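Me: I have some questions about how the labels on this model are earned. Please set each value against its rule.

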Amino acid sequence: MIEVRRSTVINAPIAQVWKILRDFNGHDQWHPAVERSSVDDGLKTDQVGAVRNFTLVGGERLREQLLAMSDQEHRLRYSIIESDVPLIDYSAEISLKPVTDSNRTFWSWCSCFQTPEGREIELAKLVAEGVYETGFEAIRRRVETNQARHATHLTAPANDRAIQGYAMVIDRYGRAEELHQVAIRAAPPGPGQVRLRQTAIGVNYIDIYHRTGYFNLSTHQSALGLEAAGEVIDVGPEVRHLSAGQRVAYACPPVGAYATVRTMEAALVIALPDNIDDVTAAAGLLKGMTAEFLLHRVHALQRGETALIYAPAGGVGRLLCQWASALGATVIAATSSEQKARVARAAGARHVLLPGETSLEEQVLAITQGHGVDVVYDGVGRDSYIHSLAALKPCGHLVSFGQASGGIGSRDIDSLADKSVTLSRPNYAQYTDTPEKIAILSERLFDAIARRTVTIEAGQRFPLVEAAAAHRALESRQTTASIVLLPN
């Protein structure tokens, strides 16, 4: 039996370090050796008995179970129950203690395991250095960054001084090439306003609708974008829920997110929890809140129902698959390639439909033994509308929330009577137009992220000045996950 012990001191209060480590499934957010992770059976990430499945950056897969956790003793134990790495009978313990003469934390990490003969030194070094020492350093960097962020308030400029930056704007509707860079000035915030320095900006299909004129913009020259994360520079009078130096995000009108700095109304800007970084927020806030109201408000999906979801490898579609599966629904996903089908299956789709000799509705009816599905979440629009109706069961619900292939146009309402179909055409703005609505949606989303019910994946990342390239990538329909713009 091999025993490996390592310890270190972190320059942070014990509560701050414990908050990170007690999230049994949160190591993919800070440990550089872990690529992705999820918890089985929808259990909480701090629930004793929870099993986390994770993949290392080298491709190896492991399953570990949480055996014990104590918030009073700041201690947790876990064991490996399956592993591609030959660590046999592996069990480990993490414990924290406060350093009595300062606001620091002593962290001990130890484990016992067996290995195949001849690999003892190699695997002991892997655990000690590749896991423990690397983990110590990763946590150290994370808490020190958090401390610097919270302790260092940006120097507020004089009240009469604007801040210079740049934005990506259009002067007229058209192709992606219409996006170009202009210098801007973010004015000091007035009553009810906040001024932001933006660090990550979300790209959504609605940005393309705005660029092309499918959705009319009220003014030119206009910066695009509805979603971003960043840091508060300063706030105007009457703003009580935000303060200088705070990490925040928003996903709301008016357009203007494609910018390095911005002054805007503060009411719909929300504070970010510590476990959600800026890129994750920019990649997932708008899409996540969309998934929340589609699944919980437009059609309150019930356990045992069957849902057909289009574009399951995209930002909203992937979250719909994950969340619908966690709610106990059977998910049928419709996509265009085997690569995207693999993404859909990983997101919880039980069945994946690909183009073939039989129509989509025929494939759906074969899976559901002729009954059809309870609900269709259709973000495609014109090309899928007829197929979606045909795939529904009697009294089914078609939720048409997007138009990637074009609008569904004028339709004969009498055609819905054949199956007593309900048709919904939700508008994002109507579900996110008050602080109260935003609070409910974002809190449920943040809880789902914390529980790993959904995972936000930022796919391609482009410099803000390359926003046109990001639009071309999204329009090509070859992307998976979310696209994020990063200011220089």
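Me: What makes lysine 437 count as partly exposed?
Reply: Its relative accessibility is 31%. Buried means under 20% relative accessible area, exposed means over 50%, and partly exposed lies in between (1.4 Å probe, protein chains only). Lysine 437 therefore counts as partly exposed. The model is predicted: local features need pLDDT of at least 70, side-chain atom pairs count only at pLDDT 80 or more, and totals for chains, interfaces and linings use all residues. Residues are numbered from 1 along each chain as its sequence is written, and side-chain values use heavy atoms, with hydrogens and water left out.

Me: Why is the contact between aspartate 433 and lysine 437 called a salt bridge?
Reply: The rule asks for a side-chain nitrogen of Lys or Arg within 4 Å of a carboxyl oxygen of Asp or Glu. Here N to O is 2.8 Å. The pair therefore meets the rule. Aspartate 433 is partly exposed, at 40%.

Me: Which residues are joined into one network by salt bridges that share partners?
Reply: Arg22, Asp46 and Asp71. By this rule the count comes to 29 salt bridges.

Me: What does the salt bridge between arginine 63 and glutamate 82 tie together?
Reply: Arginine 63 lies in strand 4 (residues 61-70) and glutamate 82 in strand 5 (residues 75-83), so the bridge ties parts 19 residues apart in sequence. Helices (H or I, at least four residues) and strands (E, at least two) are DSSP runs, numbered from the N terminus. The closest N and O atoms of this pair are 2.9 Å apart. Glutamate 82 is partly exposed, at 45% relative accessibility.

Me: How do you know that arginine 472 and glutamate 177 form a salt bridge?
Reply: Their closest N and O atoms are 2.9 Å apart. The pair links distant parts of the chain: arginine 472 is in helix 11 (residues 467-475), and glutamate 177 is in the loop between strand 8 (163-170) and strand 9 (180-186). They are 295 residues apart. Arginine 472 has a relative accessible area of 41%, and glutamate 177 has 47%.

Me: What makes strand 16 mostly covered?
Reply: In strand 16 (residues 306-310), 5 of its 5 residues are buried. Thr306, Leu308 and Tyr310 are on one side, with Ala307 and Ile309 on the other.

Me: How do you know that strand 16 pairs with strand 17?
Reply: Pairing needs at least two bridges found by DSSP. Strand 16 and strand 17 (residues 330-334) run parallel and are joined by 5 bridges. They therefore pair. Leucine 308 stands opposite isoleucine 332.
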